[in-house]
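Let's take a walk through a protein structure together, starting with a space inside it and working outwards. Keep the 3D view open as you read.

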Amino acid sequence: MALTFFNAALSLAIVLSSFAPSTASILQKRAVIVASPPSPWTYAGCWTEGTGGRALGGPTYTSGTAMTEKSCIAFCGGKGAAYAGIEYASECYCGNTLDSTAAAAPAGDCNMSCSGNATEACGAGNRLTVFSNPNVKPASAPVHNPGPAGWTSLGCYTDAGVRALANDVATTGGAAALTVALCTSACKSANYQYAGLEYAGECYCANSIGGDNGPAPDGLKGCNMPCNGNATEYCGGPNRLDMYKYGDGGATTPTTPTTPTEPPTSTGAGSTTGLPTGWSYKGCYVDNADGRILNVQKPDSQTLTIESCVAACVASGITNGGVLANADTDCNTACAGNNKEKCGGPNRQSIYARGDLDVRAPTGPQTSNLPGSWTYKGCITEGSNNRKVWKYQITNPTTNTATSCLNQCAQFGFMAGGMEYGQECYCGDIDEIESNGATVATESDCNVACSGNGDYLCGGGDRLSWYQWTGAPLYTWSYPTGNGAGSYSLLIGGVCIPLLTTPGVNGKYQFVEKFGTGEPNSTGAYELDLAYVNDISKAWRPMHVKTDVFCSASLTLPDKAGRQINIGGWSGDSLFGIRIYWPDGSPGTTSTNDWQENGSELKLQIGRWYPSAMTMTNGSILVVGGENGSNGPPQPSLEILPKPAGGSTVIELDFLRRTDPFNLYPFLFVVPSGIVIGYYNEMRILDEVTFATKKTLPNMPGNVVNPGAGRTYPLEGTAMLMPQYAPFNDPLTVLICGGSTTGAGIATDNCISTQPEAANPQWTIERMPSQRVMTCMTALPDGTFMIVNGAHQGVAGFGLATSPNLNAVLYDPSKPINQRMSVMANTTVARLYHSEAILMQDGRVMVSGSDPQDGKNPEEYRVEVFTPPYRMPGTPAPPTFTVANKDWSYGQQITVQITSGALTNPRASLMGAESSTHGNSMGQRTLFPAINCAGTTCTITAPPNKYVCPMGWFQLFILNGPTPSRSTFVRIGGDPGNLGNWPALPDFKTPGV
């Protein structure tokens, strides 16, 4: 068992890693951007990684801050390679051939911005942006070197679990120059009998083959990566070694490292001067027998000395320090920066410390004083066929412990977790252990000390110390069947791919789509009359806009006509667009009004793409955020409509500038103390008059692998207000579901909620049954919420998400927390970017749109409907009613006549008129007013004020138990902003007040 220094120290090593830095981001806008490569290089497309090895198996390098398409091309060009490929924002790969198991992928799959240039595409997870040089003739396939003089090739060997060859040996020129000759020479010089080359640039040596490793069962197939320093020969592959043995196994003569002057001096006291007070040499310690004895590694240095190493430890607040070996079996390797000093040896560290050295041996995995209801279960292998047991991985190089890892898992609803190789934490579900092919391992295989507490072990190489939550379940999902799961069905064939949908007060449904950037025959807007649901020629009425509504905002105005306003657009004049539609007609009768628009008469003060809009308590329209057109700068500001004569209402919001570009389509809600705004992963309350910040909430929790994951476009989740109940004294609760991360685009699998006006608001996390980004959510009249649409992976934008989420989830806030979600019916229609969901007047959910442009899923014209359980066959017939007064004042008593259905448990709900786009339901609000019934006459008390119920139009439902009636639109609170008289301009009709 490895000794672990309690105070982590410094060691020098060359570490090759495919870690993608957290600064990498998904390309922010809607299209993949590939720069013009330098001549004669050309863009060769987006390619998958190989399944049998790297797509490009030659030289490689990684840069978390400076990777660009040109820098990778220059690197590969300097290596004489025919191909250059960039993966995961920061990894450059070269080669003269593309592996036969790699395949061309849609351009949109390569959607991560380069770490050194956010405007360029640098591949993605398992995707490479590839460039080719036609002037370089691809070389013939590499061969397996039969062995330099004195060495014999043993073939391709496995390297799993315990390393086949224990010693990682440095070679001349480092990993980028590795060849078979260099590796075997280094092993021979260090008196080792076996030499093995792995992953194109790694050299290992030993005098015996460790663990259960041996000849690979698939022969030479897995040793498929050309050497970084010689593309004509192979240097192993992933978890595979090209293995060589020297002579007949007899000892070789060790060679002392040569120096231009005298041999290195002793590493003991007196070998160096200038150490900080209290520091001294403590001895030569064995390293890497069962993991690293010191867990904090500083960057490689060609000028390393004992003094510089100790100084680095002091600067980091580390009290022990040491240097990793270069060669030989004891601490006798010359320091790179001073050949008179010795800096460790092969698997040996020269240890220096301040004061007494505290050396501890881990006692085993942590089994007591565990957080919550966690129980240690044992040591297990990773999954079979290169599968991970659990996909959610958090790497903590210096802080990983069972306590920190398991707390993270439990916080996000995972009831299984484990630690691997000291610093890696994994979270998942118990059934994944079996489904991914993991098996029980011997306890001694889990032998690496935790990076955050050397007293305990945290797994090993491809081994996990795993734990199970054995207390009350952290969540319970329901799985209704039959009619209880609801159903999807086709509602009607469509004529457009909508970007935004709105239920109109005329009983029809308004659709707007791209105009100018969409289909060439589109008019940009359509109205759907479901009285003609069986006659598509009559159901759709073409309407007209004059500028492009691509990614705009919409609201139903509180004026007496229930006009709709559409704001913003994607470029040019459309950025400033203000479009107004006065719904007329009724189902089955002709409508004649059209969208009104004239940019020379009426426009926004600031051009806005991806803005949000909200009706304020004074009756004005608040417009917030956006960008100045496609791939343009942010517009981190708000403005008010109508604009007063001669004055600007634009106010800069520094928090939007700071969080650009992850704050588009911010969530906006009225609360008694002001205006709640949610953006990226933050939320605050603004003063409704000055718009100064009154209160800043704790940051929204993200997901288990990235607590900072976002919730607004392009990391798109969806937000709703929880139902409010008479007498409306409870604090308002905000619910947000889904989202994603920057960088790898890991979709979020939880909902979060909070009460912004609470004295000490905190976020509650509830795990969802699946990951979901580009989420749509619809409030239902019974107080529940339907979660639909989106993808399991990626971010919002054209071609930036994969794996459509076809399942619907019902969220019921009347149930206990973490028991509120039911897995409902599935659809067969992918609803990705530019999809919508709105409440219909019969209580069903209209599901529309999808414009992924990913080469896999179609642009979707079909309109579906999700039927909740309360509308399924066999449920009670819905009640019917009439209400004469459709224009309510706050607190007014309203008489409703029940015309059919015996009300045994009467309820009334008011559902705000909504406009759905990009996961944002502008205008959504759910209110349950007081209702009292005597026979067939019911009295409803209107909500009390504008803070509980901002003025506007609502669908009124009467419910008998869970079964809602068909709704009637009513207006509440009047038109205090006199919007009915606005805009008083020649090309706009107004209804008056």
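Start by finding Met 614, Thr 615, Met 922, Gly 923 and Gln 924: of the 25 residues that line the largest cavity, these lie nearest its centre. Before going on, keep in mind that you're looking at a predicted model, not an experimental one. The volume of this largest cavity comes to about 320 Å³.

What kinds of residues make up the lining of the largest cavity? The split is 15 nonpolar, nine polar and one charged. Several strands help to build that lining: β38 (553-556), β41, β45 (667-671), β68 (920-922) and β72 (952-960) each give at least two residues to it. In total, the chain has nine cavities of 30 Å³ or more.

Now follow β41 along to its end. Between β41 (612-615) and β42 (621-624) there's a loop, and that's where you'll find Thr 617. Is Thr 617 buried or exposed? Its relative accessibility is 5%, and buried means under 20%, so Thr 617 counts as buried.

Who are its partners? Leaving out residues up to four places away in sequence, Thr 617 touches Val 670, Glu 688, Lys 946, Tyr 947 and Met 951. Take a good look at Glu 688 in that group: its side chain makes a polar contact with the side chain of Thr 617, at 2.6 Å.

Next, let's move from a closed space to an open one. The second largest pocket has a volume of about 540 Å³. It's lined by 31 residues, and the closest to its centre are Met 722, Pro 723, Tyr 725, Pro 813 and Ser 814. Three elements give two or more residues to the lining of this pocket, namely β50 (724-725), β52 (750-754) and β59 (821-826). As for chemistry, the lining of the second largest pocket divides into twelve nonpolar, 13 polar and six charged residues.

Finally, zoom out to the whole chain. You've met quite a few strands by now, and here's the full count: the chain has 74 strands, along with seven helices. Of its 993 residues, 58% count as buried. The chain exposes about 35800 Å², with carbon and sulfur atoms supplying 52% of that area.

How do distant parts of the sequence come together? Take the contacts between residues at least 6 apart in sequence: 67% of them join residues at least 24 apart.

Notes. Residues numbered from 1 in each chain as written. Predicted model: local features only at pLDDT ≥ 70, side-chain atom pairs only at ≥ 80, totals over all residues. Heavy atoms only, no water. 1 Å grid on protein atoms, 1.4 Å probe; cavity = no way out; pocket = protein on both sides within 12 Å on 5 of 7 lines; lining within 4 Å. Points joined across faces, edges and corners; volume = space filled by probe spheres on them. Helix = DSSP H or I, 4+ residues; strand = E, 2+ residues; numbered from the N terminus. Nonpolar A, V, L, I, M, F, W, Y, C, P; charged D, E, K, R; others polar. Buried < 20%, exposed > 50% of the residue type's maximum accessible area, 1.4 Å probe, protein only. Polar contact = N/O pair within 3.5 Å; in protein donor to acceptor, adjacent residues only side chain to side chain. Contact = heavy atoms within 4.5 Å. Areas by Shrake-Rupley, 256 points an atom, 1.4 Å probe, with all protein chains shown as cover.
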